[in-house]
Every structure is written in structure tokens, then in C-alpha cells.
Amino acid sequence: MFELLGIPPQALFGQLLLGLINGAFYAMLSLGLAVIFGLLNVINFAHGAQYMMGAFGAWMLLNYLGIPFWGALVLSPIIVAIIGMVIERVLLRRLYSLDHLYGLLLTFGLALIIEGLFRRQYGSSGLPYNNPLPGGTNLGFMFLPNYRAFVVVASLVVCLVTWFVIERTKLGSYLRAATERPDLVQAFGIDVPRMITLTYGFGVGLAALAGVLAAPAYQVSPTMGSNLIIVVFAVVVIGGMGSIMGAIVTGFGLGVVEGLTKVFYPEASSTVIFVIMAIVLMVKPAGLFGTAK
Amino acid sequence: MSSSSSSTLPAAAAPASSSVMTVLGILAVAVLLVAPFGVYPVFLMKVMCFALFACAFNLMLGYTGLLSFGHAMFFGGSAYICAHTVKVLGFTPELGILSGVLFAAVLGFVTGLLAIRRQGIYFAMVTLALAQMFFFFCLQAPFTGGEDGLQSVPRRPLFGFIDISQDIHLYYMVLAIFLFGFLVIYRTIHSPFGQVLKAIRENEPRAISLGYRANQYKLLAFVLSAALAGLAGSTKVMVFQLASLTDVAWQMSGEVVLMTLVGGMGTILGPVVGAAVIVTMQNYLAGLGEWVLVIQGVIFVAAVSLFRRGIVGEIIAIVKYYGTKKAG
Amino acid sequence: MRLAAIFLAASSLVGIGAAQAADPVPVKIGVLNDQSGLYADLGGQGSVWAAKKAVEDFGAAAKGLKVDVIFADHQNKADVGTSIARQWYDIDGVDMIVDTPNSGVALAVSGVTKEKNKVFINSGAATSDLTGKACTPNTVHWTYDTWALANGTGKAIVKNGGDTWFFLTADYAFGHALERDTSKVVTENGGKVVGSVKVPLNNADFSSFLLQAQSSKAKIVGLANAGGDTINSIKQASEYGIVDGGQKLAGLLIFLTDVHSLGLKTAQGLNLTGAWYWDQTDANRKFADEFAKANGGKRPTMVQAGVYSGVLHYLKAVEALKSAKDGAAVVAEMKKLPTDDPLFGKGEVRIDGRHIHPMFLYEVKKPSESKGPWDYYTLKATIPANEAFRPLSESDCPLVKKG
């Protein structure tokens, strides 16, 4: 860490900002996982595949229907969320009474199917998606592409709105109540199964939204999700799935940590999150924001 | 995770009457002894390696109720150690395999210490993440050869005098290792240790209140499972004469879950059947490219939705059903 | 698998029946490559087509050869690749395996080929070990290798004035080797390496590393990586204005299909080394037109062209020997005969199994210069055959006797 002194503070600022951008993706994905887990008790292994579907959705809307990025930003998550809700109705619903592991296994199978189908259709090399906000601003300490700035702001807004809805509104309170005692909430005349379906759709939609945001920055490729999802799992284990805010803070925080590792010791940047996970498990097994259950 | 949810994994099938089992066992071994004269031996050896791997994995999932999504690290890690010691350090095959198994056991101990702090799906995620960390380690460490892997591992004479360079000779070595591993697992499950594991799976708080240190039992089971997965990985090195990143990638962890699920978790023969089915399928369908991925996914979904007990589990259930009907 | 064996046995019976009539020499070629993964576009079915085309153009039937071409997908797994290779050699009577991208699989198949005394003609894999310390009397490496890429790109760019370099290196053996080889060439030719950063594999975000490259002020940013990593780093370099800022990207392993997937807008100005480009000569264009007709409008990559050229030369050697059974003898014959075909021109197969031909430095066109899809490269420099590949004096191949 003595190399810290060798890095000019401006460069450090730049790297911090970059870390925040990556963290935005972690935060949105782990938020979606946390929302789904909270109500369904299912770890959605297909989350990475749904993120990829979001990106492909944007690509297809542009190339087949001529709908530009801004339209896709709204449409693609909705379409993917609808597909997700169908999956919940047809397949996932039958597993709620069983061990949670079955949900994990089912969604793992779904992830394989989705990835396989997209690879079959579009190959593995990936497809180009043009940057909707070209150019950038020179901040003095770094060149910040406009699009990246947009990603951070957009994901922050989405995360905070989600947090607000779940923690501060009546709808959110139903949701939280249904998590604890579905039978009681049902007794109050609330359609819990429909709420579960909508929640799954919402979580999936968040993943797809992250995918659309990723499309112009990264290559749209069928494998983009499976590489990311394992890191996001580690993020979730670190944060614990107790709170929505926890998922958001851990996501952004780990993005920054990973960003700094890329400067000081890039060889470790792919493993740093896993190392942190191991440490957290030793010190606080329930995760930073989790409560032991 | 709440403990109430952990009771729906299919319970281990009660062993059929032991004399029938013995006869069937002898028959199976006899078939395996002559099989290489009818079927391509390399294919059979591949099936046996994966069958052993799946059996080792099933020791965790089926009998301890813990789903490890990181077993590839023991399989592949052991493969690398075995390949390295045999190719670079000039070990004989048995010493190479032994070093691989030892390494897998130590790795299992370290990761087990961390992973058993969480249960259920958290356990799955933790093992997956640790295995991914190990994957990156293997990718970057110079001795593994990175993307290239370790090739042309020599098949030196076993114990210094048994020639295994011929596929057919090697086959009997692999068969012996497979039977050894299988018997170890069989004995473990039917030992008092295995009974305690089942008790922990069914109701952990009760087992603890009975005075069993659940975590120590789980850790021991994890180390044993890791070591046997390592045995399978090292044996595979001798068959294919190579160790590569494929063996430590997360897809490999997924495949072994699939094999166990399809065959029937918590049954002693299930993983063997599952491994045979999946390996055969991969062989037949190799020409279909990415459809293999789709088909595997479909099998996953179908197994979870339609036959959760797996092939062997369903057969046992049917036999039991008719058995009770006759008796009643 | 037994079914397959029976089927193949049946088909070989038919083959024998036919053989007794005209008594041609049976030859079976297996195209073993990636049909579904990362390398499916640059090899895949296109390579199968190229192999069949070579058989057709050679006029095998008229010259007394009965050639079968089969193919399989190695899924980029070394164990799958060797299983298929063993089975092909042991049961299916394959005489020669061709293509096989992915260095790990290629090295493994090369080992099996030597053990079974067959022939392995590699076009798709990059590792120079195939004709270096892992060389065998049964393997020929046809199209390119890491040494040639590093040498070509490094030398030509330094000569064109790109004398300060910063490397983005994929953090595994392949990336390290590319960086090491290229650095050596750069410094030998009077250039300077001002820095490098090791990037983890499959890392989607390159911005941090690109900023480091940017602040290094190097004229050339060398991309010692492959596949999706290369594509992502080029894409993000354009986003961060690396090329607009006056720096140039040098890709060390880039295929035509990668450029196609990136689009010219992103890839423009990129320098890269290749062995073959479809729009370079009339013969190439003719081959490419036929390829495009059979492959949905795609143009062939250098790997697919290499498969064509390699199979052609192999058939010449088999024709001369009137048998394909002794792999080492066939390869020895291939080394004896000078190579000459419409795509790669005149050349030779060296004692270490290396096919020697010129290499080329290309620059990716601006969108305004391109006449349409697949019109991507301008030729910047030719690296003559005698400089393009690792000289035998530096070889660590055991087949090369040191004088």
C-alpha cells in the first residue's frame, strides 16, 4: 500500500469515480437479488441471464424495430420482466413449499437454457451497440465519458427509488409484511401470489435495466451475465440480504474497493471481492448488514 | 435460513435387503470387468471418473443436505497437483494421485471452515464464490500453464512395474480406484458417522441438543467429500493425460450438481447413473454445439420440476410403493 | 457412442466396397474446432467448408484419393478435444485432424496425434509452442503463431514511428508470452516500453486500465489479450477517447470477425498483424466470394483460409506417398514438398513443422473509407517470409538439430 504515495491524488479521484460506475452495476443487480430473495426466498441464479437478456433486448429493439436506446431503456426491462413473471407462474411457483435449494437449481437450469439459446442464435463474440451519449467531459483529473456519468446517476436514482418504495410506502409495507407472514397478509385480503409474481418481475426488470445500461459500455454478448453473477453473489454474501439499503451500499462500496485494487495491485482485482467475502464470513458470518437467522 | 425448510430433500432410500444388494453388486463388478472389451475403454474411464466425482459430491448434498456449488475446485485443484507432480517432479502415478488427494483434502478443510458458517443457499453461494477465487488463482499461477493447461502428462508404470500406457491396463487401475472410492462412501454412509450426518440434515438443532457438534461433523464430511472429489480429478489426469481450466471452472461444479440431481440425490447409486447419463449425452450430442447447454438446462428444469428424486430415487419409490401394496 | 461406432463401421464397409472397385487411397480428415463458443465465428463451420473445398479443388477423386471430411466441436475443453481425437484415431479411422483453435486443446491434440502416429495440421491456435518446445514429427502449424504476431506488429509499428508502448496484458500465460515477445521486438527495434498493466481475464470493465494507459502518454497501446477481452478493451478505448487523443491501439491477436463484431466506427485506426486477408489478391477474392455464397455472406478469416491451404498441401503429400496411414511419413513428405497454393502462395514447411509464408500489417479503415460490410483492412506493410517467423536458431524444438 506504500504505492499510494506514488499515485497523484487526481488519478486516485478518477479511479474512485470509475469504481463507483462499476459499483452501480453491482448495486442494481444485488438489489434485484435481494428484493426477490426477500419475498420468494429464492436465489435467482438466472439473474445474470436476465441481465444479458436486457442488453440483448436493447440490441434487438434497435436492430429489428429501430427503437433507440432511450426507448429500450424502458421497453426492454418491461419485456424481460414479463418473461420473468411467466417463468414464475409456470415453474418457480411450484417450488415454494420445498427446500430453497430447488429454486436455486431451477433458476440455474434456466440460466443455462437462456445462455445456450442466445449463443445458438447470436454466437459468442458479441454484438456492437453504439454509445447513445458520445463524447465526455474533461474534469481536470480525468476524462469522464458522458455515458458513464449517466450510468452512475441513473442507477443511483433507481436504487434510491426502490429503497423508498419498499421502506417508506404502503405498498412496501405490504411487501415486507408478506415476507414475514404471508398467511396473515393474505387474510387481510391482499392477493399475495400476485404480489409475489409482480415482485419477481420487478427484480428481473432491475437486472434487465442494468443490462440495457451495460449494453453501450460493454459488448452485448451471451456470456456477459454468467461472468458477473458470481461476483454479485459474493457481494450479496458480504452485504447480507437483510436490508435493501445494505445491498445498495455494499454494491457501490465493493465497486470502489475493486476499482482501487485495479490501480494498486491489478493482478488481484478479480479476486479481491472474494477475499473480502472470506474475511466477512470469519468476522460476521451473517454479512455486514444481515441479521443472523 | 430457517431450519424448518430443510426437511424436504428426499431422504436416503432405505437399503434393500442386503443379500439382493450383494448379488447385484457382484454382477455389476463382473460387468465392469468385461465391459472394456465391448465398449470404448476411454469412454468408460471418463464415466467412472465423473461417477466417483458425483458420488463424492452426493456425500455432501444427499447425506448432509449442503449444496456445494464449488466442488470443481477440489476436482480441478487435485488434477493440477497430480499433473504437476507427475509431469514436472517425476512422481509415479500412485504418488501423484496421492498428492492430489492430499491437496484436495487440505483445500476442503480451509474452505470448509469458512463455508460451514453459513447454511442452505448461502452455503451454495459461498462455495461458488470460493471456487471462483480458486479458478482465478489457477488461471494466474504459472505452474498450471494458464489457458494452455498441463499436457502430455506421462503414464509411468504404476508402483514402478505395472504398465498403464495401454488404455486397457489403465482401465483396471481406474476401475480399482472407482470401486475403492465407492466403497469408502458406502461405508461412511452406513457408519455411525453417517447416521449422525443424516440426523443433522433432518434437524440440526435437535442433533446439537443431543450433544453432537454439528459443525465438526459437517466439516469432516466436507473434507472427505473434497478428498474423494480430488481422487476423481487426479484419476482423470491419468486417463486424459492433461489438466486444464475446464476442471476448475464453475460450469464443472454445475455439471456435477446436474449428474447427482438426475441420478437421484441421497441414493448411493444415483450419482453413478446420473454421471453415466450426462457423460453419454455429452458424447452423443457433441456435434450439436450450444444445444448441449440448452439441453442440460432443460434437464435441470425438468428434474427439479418433475422428478425431484432422480432416476434411481424414482425407481426406488416405485419398488417401495408396490412392495407396500403387496404387503398390505 | 456404440451406435456411432456401428454407423461408422457400416459406412466404412461401404467405403471399402467402393475402394475395391477403383482402388483409391482412403483418406479421412477430421475438422476439430470450436463450433459454438468464442472461436466458432473465426473457424467453426467455415473451416469445415474450407476443408471440403480444398478436397474438391484438389480433384482428389481424379487423383486416386477417396477423401471423407467429418467434424466435431471441442467446446474449448482440452479433455473433450482429446476424447474426440482419440476416438477418431482409434475407432473412426481418421488420418488427419485440422484447424483446432484454442492453444490448450491444440497442444493436447498434438500429443495424442504423435502417440497414434497421425497428422495434425493446426490453423486456429496461437501458441508458438506447437513448433517450439512441444513440437512433434506429426504436427504442422499453418497460419500464424504468437511469435509471428508479436514480431510483425512490434517491428512494423516501431518502424512506422510508434516507438513508445504501453501494454494491456491479459493476466495468464498467453498474455504474458505476447507481452514478453512484443516488448523484446519493440526494444530491439529502438522503441521503448513505458509501462504495462496486467488485466484479469474476462474482466468486463477496462476503464481503469485505459486511464492508466492514457496517462502513460505512450504512442501505442498494445493489447496483449484475445477474444472478448480485446473487443471490450477496444470498445472502451473509443469511449474514453484514447484514439482521438492521438494514441494508437495495436491489437496483437485480432481476427476479421472481431473487427466485424466491433464495427468500423469503434475499431478504426487499429493496427494488427495477420497472415491473410480476403480482399488482397484476385485469388483471395475468388475464394472469398465462393465462401460468402456458402456461408451466408460472411468473408473467410485467415484461419479458414489456412485450413484450405493446409488440407491442399496435405493431400499433395498423401498423393505422392499413395497412403495416409503413416502420419510421420506424410508430414515428412509435406516438409519435403514446397508449398504452393492460390491463397498463401509459395512457401515451405520447416523442419519444426512451421509453415513459412509472409505476414502482413493491416490498419482498420475509417467508416468513410470502407465500401461496405467486410471491407475493413488497408495493407500497411509486408513482413517477408524469412523474417515473419521465429528463426530456427532461436528454436527450442527438439527436432531442430543445433549446429
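## Helix 5 of chain B and its surroundings

Let's start with helix 5 of chain B, which is mostly covered: 20 of its 21 residues are buried. Keep in mind that this is a predicted model. How far apart are the end C-alpha atoms of helix 5 of chain B? They are 31 Å apart, which agrees with the 30 Å that 21 residues should span at 1.5 Å a residue.

Now look at what chain B touches. Its contact with chain A takes 38 residues from chain B and 37 residues from chain A. Which helix of chain B gives the most to the side that touches chain A? That is helix 5, with 13 residues. Helix 10 (250-263) and helix 12 (291-305) of chain B are also among those that each supply at least two residues to this side.

Chain B meets chain C as well, and here the contact takes 26 residues from chain B and 28 residues from chain C. Helix 5 (120-140) turns up again, alongside helix 2 (41-64) and helix 11 (270-284) of chain B, as an element giving two or more residues to the side that touches chain C.

Here is how the residues on three of the contact sides divide by class.

| Side | Nonpolar | Polar | Charged |
|---|---|---|---|
| Chain B, touching chain A | 24 residues | 11 residues | three residues |
| Chain B, touching chain C | 10 residues | 12 residues | four residues |
| Domain 1 of chain C, touching domain 2 of chain C | five residues | five residues | two residues |

That last row takes us inside chain C. The domain assignment gives domain 1 (26-144 + 280-353) and domain 2 (147-274 + 359-386) of chain C. Their C-alpha centres lie 28 Å apart, and 12 residues of domain 1 are in contact with 14 residues of domain 2.

What about chain C as a whole? It has 14 helices and 15 strands. Its radius of gyration is 21 Å, close to the 22 Å that the globule rule gives for 403 residues, so chain C is as compact as a globular protein of that length. Along its principal axes, the C-alpha trace of chain C spans about 70 × 50 × 40 Å. Of the 403 residues of chain C, 63% count as buried. If you take the contacts in chain C with a separation of 6 or more, residues 24 or more positions apart account for 72% of them.

Finally, a word on confidence. Chain A averages a pLDDT of 87, and 95% of its residues score at least 70. Over residues 1-5 of chain A, though, the pLDDT is below 50, and this stretch has two contacts in the model beyond near neighbours in sequence.

Definitions and conventions: Residues are numbered from 1 along each chain as its sequence is written. Chains are lettered from A and ligands numbered from 1 in the order in which they are written. This is a predicted model: local features need pLDDT of at least 70, side-chain atom pairs count only at pLDDT 80 or more; totals for chains, interfaces and linings use all residues. Two residues are in contact if their C-beta atoms, placed from the backbone, lie within 7 Å. Helices (H or I, at least four residues) and strands (E, at least two) are DSSP runs, numbered from the N terminus. Ala, Val, Leu, Ile, Met, Phe, Trp, Tyr, Cys and Pro count as nonpolar, Asp, Glu, Lys and Arg as charged, and the others, Gly among them, as polar. The expected span of a helix is 1.5 Å times one less than its number of residues. A residue is buried if 20 or more other C-beta atoms lie within 10 Å of its own, exposed if 12 or fewer, and partly exposed in between; C-beta atoms are placed from the backbone. pLDDT is the predictor's confidence in each residue, from 0 to 100. Domain bounds come from an automatic or database domain assignment. The radius of gyration is taken over C-alpha atoms; the globule rule is 2.2 Å times the number of residues to the power 0.38.
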